[in-house]
Amino acid sequence: MADWIEAEQAMARLGVRAQTLYAYVSRGRVAAAAHPDDPRRSLYRASDIAALAARKARGRRAADVAAEAIAWGEPVLPSAITTIVGGRLFYRGQDAVDLARMHSLEQTARLLRGGHGAPLKSPEPRKPKKGDTPRARLFSTLAARAGLDPPARGRAPLALALEAAGLLEAAADAVAGALGEGSIHHRLAQAWRLDATGADLVRRALVLLADHELNASTFAVRVAASTGASLAAASLAGLAALSGPLHGGMAARVEMFAEEARRRGPGRAVAERLAQGAPTPGFGHPLYPDGDPRATALLEAFAVPPDLADLRRETEAATGQPPNIDFALVALARACALPDDAPFGLFAVGRMSGWHAHAIEQLQTGQLIRPRARYVGEVPPKRRNEGEALGA
């Protein structure tokens, strides 16, 4: 109950009376739970109280609201594709965890696109060169398509959906390093020499990664799509954002944390990070205070390697933060002996299905995404009059 506080603390932080606190709970703005020691009393989620207090302190000025929306704040774009409600992830109203139990990525991609577009064999991706990595092949495949494919603006959603299906296959083949047949998870499993059990785990991971509302890479995709750029160009924008260490590149940071735990012992590795004020990558998620459901669903499907299980136990005990999808991907890669960059490849191929759905949805609005900057730099000089400009 580390994220829960007493009513007196909640009221003090908000500067309100009990009636107002109860009103916030009834409106769903603050979560409440029964006190473990006294069922007649309640506890209140501290993160909800903090967010509400920050909003109250800041007021409702338009510039402040917009700034908040850019950093884990209020929704900034309307979308009918994905939402997170009550700690659960939904794709067009269907629980992503339920979908991961039986659906393929292709089926999930069609759902995200609104039911449009059957799988279409993609053009042959660029031939691999010596020393190529799956990430390099994926970037070059999308770049080549971005330079050739026509703009998406003005094209019918069905035509775009068919193009999206082919582009998704091209991305999978680029990560696999060869043209494949059958479902995408089977192609990747074949490239990684997995058995049927391993292939099913890949399928689950791809579906759980298919979309995650308006994250950084998806926002980049929607910005590019709003200009009318091709689906390949919009996907390339998303891939560039995904490659950063705070997004799809987080798996590498989890691996570094795990390596520290192997060398020093998990308890010491966690304690040293906390003492330094350093993060524990792979644990906690701002949108899931009670735990990332994607991680839970994936980690339940296989035996986590012992060293990572120890790291999970020590980190949860010290921080109260459960593992997120990045930890689950690293654990999956280790359990199945996947290549080093496999977590990024899984993330990119899975998330591309969501990118395409968001790109098509953005194109249908006909609107250009063009935020304004709130200038905080040096004050520009006042404009000189005509006489001063001529040196009069």
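Which residue takes a positive phi in the hairpin of E4 and E5? In this predicted model, Gly 86 does, with a phi near 60 degrees, and the hairpin has 2 residues between the strands.

The two hairpin strands belong to an open sheet of 3 strands, ordered E4-E5-E6 with antiparallel pairing. Strand E4 (82-85) and strand E6 (94-95) are the edge strands; each has a single partner strand, so one side of each lacks a neighbour in the sheet. The pairings are set out below.

| Pair | Sense | Bridges | Residues standing opposite |
|---|---|---|---|
| E4 and E5 | antiparallel | 4 bridges | Ile 84 and Leu 89 |
| E5 and E6 | antiparallel | 2 bridges | Tyr 91 and Gln 94 |

Strand E5 comprises residues 88-91. The two faces of E4 are unlike in their cover: Thr 82 and Ile 84 make up the covered face, whereas Thr 83 and Val 85 lie on the uncovered one. Ile 84, on the covered face, is also the residue that stands opposite Leu 89 in E5.

The second topic is internal space. Over the whole structure, a search finds 2 cavities of 30 Å³ or more. The second largest cavity holds about 30 Å³ of space. Its lining consists of Arg 153, Ala 225, Ser 226, Gln 362, Leu 363, Gly 366 and Gln 367. Helix H11 (216-226) and helix H18 (342-365) are the elements that contribute two or more residues to this lining. By residue class, the lining of the second largest cavity contains 2 nonpolar, 4 polar and 1 charged.

Note on methods
Residues are numbered from 1 along each chain as its sequence is written. This is a predicted model: local features need pLDDT of at least 70, side-chain atom pairs count only at pLDDT 80 or more; totals for chains, interfaces and linings use all residues. Side-chain values use heavy atoms; hydrogens and water are left out. On a 1 Å grid over the protein atoms alone, a cavity is a set of points where a 1.4 Å probe fits but cannot get out, and a pocket is an open set with protein on both sides within 12 Å along at least five of seven lines; lining residues have an atom within 4 Å of a point. Grid points are joined across faces, edges and corners, and a volume is the space filled by probe spheres set on the points. Ala, Val, Leu, Ile, Met, Phe, Trp, Tyr, Cys and Pro count as nonpolar, Asp, Glu, Lys and Arg as charged, and the others, Gly among them, as polar. Two strands pair if DSSP finds at least two bridges between them. Buried means under 20% relative accessible area, exposed over 50%, partly exposed in between (1.4 Å probe, protein chains only).
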